[in-house]
Amino acid sequence: MDIDVFTLFPGWFDWFRTQRHVANALALGHSVECVDLRATTPLSGGAVDDTPFGGGAGMVLRVDVMEAALRARYGRDPVELRAERRVIALTPGGRQLDDALAAELAAEPALTLLCGRYEGFDERIVEHFCTDAVSIGRYVLAGGELAAMVVMDTVLRKLPGALGHADSALEESFSPALEGAPEYPHYTRPAEWRGWTVPEVLLSGHHERIREWRREQSRRRAHE
Ligand code: 6GU
């Protein structure tokens, strides 16, 4: 999978690339590249944003600035790019990210993530250049960068080989394998600590009973 991130803060992603599962994905041939919106801005002085029409606080990322960056990167009209790859605006009002959306995105060959800053995007960016608008939750971040990292984190860990253990992403919280429920509790050594014991069934070696116990725990958590 090739991921391009359009941002005003490309340096933020240097740390992200060093995280184990991200580094694994990159080593497998996937890519995460940043495009600096300031590098291609048609405005003088590296400007990228402007005050909102109609008044109000904050600054809005300009549509001409985003178009210039997309054109420079892909060599075509960004309106046509949408037919070829998912172009995602990260914005608090977008479709809320969940496991199903992460799985959907993980099946794509390429993603373009657009990070807004300040008050966000000129709406024409979302309307004409994007296939999706995605939010990571019902709160407001200062910009889309952290949200882009959250999206990439959950998408990249679903790619085969990105996690150390092939099965770890299969039966996890909110996955179809657990019928969308949260994951069951985990325990490891020591089997007893300060009198706090581990559920007996997990020490039994009885795989069928363990499977049943885990399903039951997972369902119980879903109802709580
Ligand atoms: Cl995607 N962007 C911003 N700026 N704030 C958010 C968000 C995205 N998702 C939740 N809050």
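**Exercise 1. Pairing of β5**

In which sense do β5 and strand β6 pair, and over how many bridges? Then find what else pairs with β5.

Solution. The model is predicted.

Step 1. Take β6, which covers residues 110-115. Its pairing with β5 is parallel and runs over five bridges.

Step 2. Pick a residue position in this pairing: Ala89 is opposite Leu114 of β6.

Step 3. Follow the chain connection. Helix α5, residues 99-106, belongs with β5 and β6 to a β-α-β unit, and this unit is right-handed.

Step 4. Turn to β8. This strand is parallel to β5, and five bridges join the two. Arg95 has Val134 of β8 as its bridge partner.

**Exercise 2. The ligand shell**

List the residues that surround the ligand, and state which elements give two or more residues to the shell.

Solution.

Step 1. Collect the residues. The ligand has around it Leu90, Thr91 and Pro92, then Val134, Ser135, Ile136 and Gly137, and further along the chain Tyr139, Val140, Leu141, Gly143 and Ala147.

Step 2. Sort them by class. Eight residues of the shell are nonpolar, four are polar and none is charged.

Step 3. Look for nitrogen atoms of the ligand with polar partners.

- Tyr139: one of its backbone N or O atoms is 2.5 Å from a ligand nitrogen.
- Leu141: a polar backbone atom lies 3.0 Å from a nitrogen atom of the ligand.
- Ser135: an N or O atom in the side chain is 3.3 Å from a ligand nitrogen.

Step 4. Determine the burial. The ligand taken alone exposes 290 Å², and the protein buries 96% of that.

Step 5. Assign elements. Those that give two or more residues to the shell are β5 (86-96) and β8 (132-135). The largest share, three residues, comes from β5.

Step 6. Combine with Exercise 1. β5 and β8, each giving two or more residues to the shell, are joined to each other by five bridges. Val134 is in the ligand shell and is also the bridge partner of Arg95.

**Exercise 3. An open sheet**

What is the strand order in the open sheet of three strands, and which strands are at its edges?

Solution.

Step 1. The order is β3-β4-β7, with mixed pairing.

Step 2. β3 (49-50) and β7 (120-121) each pair on one side only, which makes them the edge strands.

Step 3. Examine the pairing of β4 with β7. Strand β4 spans residues 60-61 and runs parallel to β7, with two bridges between them. Val60 has Gly120 of β7 as its bridge partner.

**Exercise 4. Aromatic pairs**

How many aromatic pairs does the structure hold? Describe the geometry of Phe6 and Tyr74.

Solution.

Step 1. There are two aromatic pairs in the structure.

Step 2. For Phe6 and Tyr74, the centres are 6.1 Å apart and the planes make an angle of 35°. The pair is classed as tilted.

Step 3. Locate the two rings. Phe6 is in strand β1 (residues 2-7) and Tyr74 in helix α3 (residues 63-74), so the pair ties together parts 68 residues apart in sequence.

**Exercise 5. Backbone checks between α7 and β9**

Identify the cis peptide bond and the residues with positive phi, Phe174 and Glu179, and place them in the chain.

Solution.

Step 1. The bond from Arg189 to Pro190 is cis, with omega near 0°. Pro190 belongs to the loop between α7 (145-156) and β9 (192-193).

Step 2. Phe174 is not a glycine, yet has a positive phi of about 70°. Its place is in the loop between α7 and β9.

Step 3. Glu179, also not a glycine, has a positive phi of about 55°. Glu179 is found in the loop between α7 and β9.

Conventions. Residues numbered from 1 in each chain as written. Predicted model: local features only at pLDDT ≥ 70, side-chain atom pairs only at ≥ 80, totals over all residues. Heavy atoms only, no water. Near = heavy atom within 4 Å. Polar contact = N/O pair within 3.5 Å; in protein donor to acceptor, adjacent residues only side chain to side chain. Areas by Shrake-Rupley, 256 points an atom, 1.4 Å probe, with all protein chains shown as cover. Helix = DSSP H or I, 4+ residues; strand = E, 2+ residues; numbered from the N terminus. Nonpolar A, V, L, I, M, F, W, Y, C, P; charged D, E, K, R; others polar. Pairing = 2+ DSSP bridges. Right-handed = clockwise from strand over helix to strand, strands pointing away. Phe/Tyr/Trp six-rings, centres within 6.5 Å; stacked < 30°, edge-to-face > 60°.
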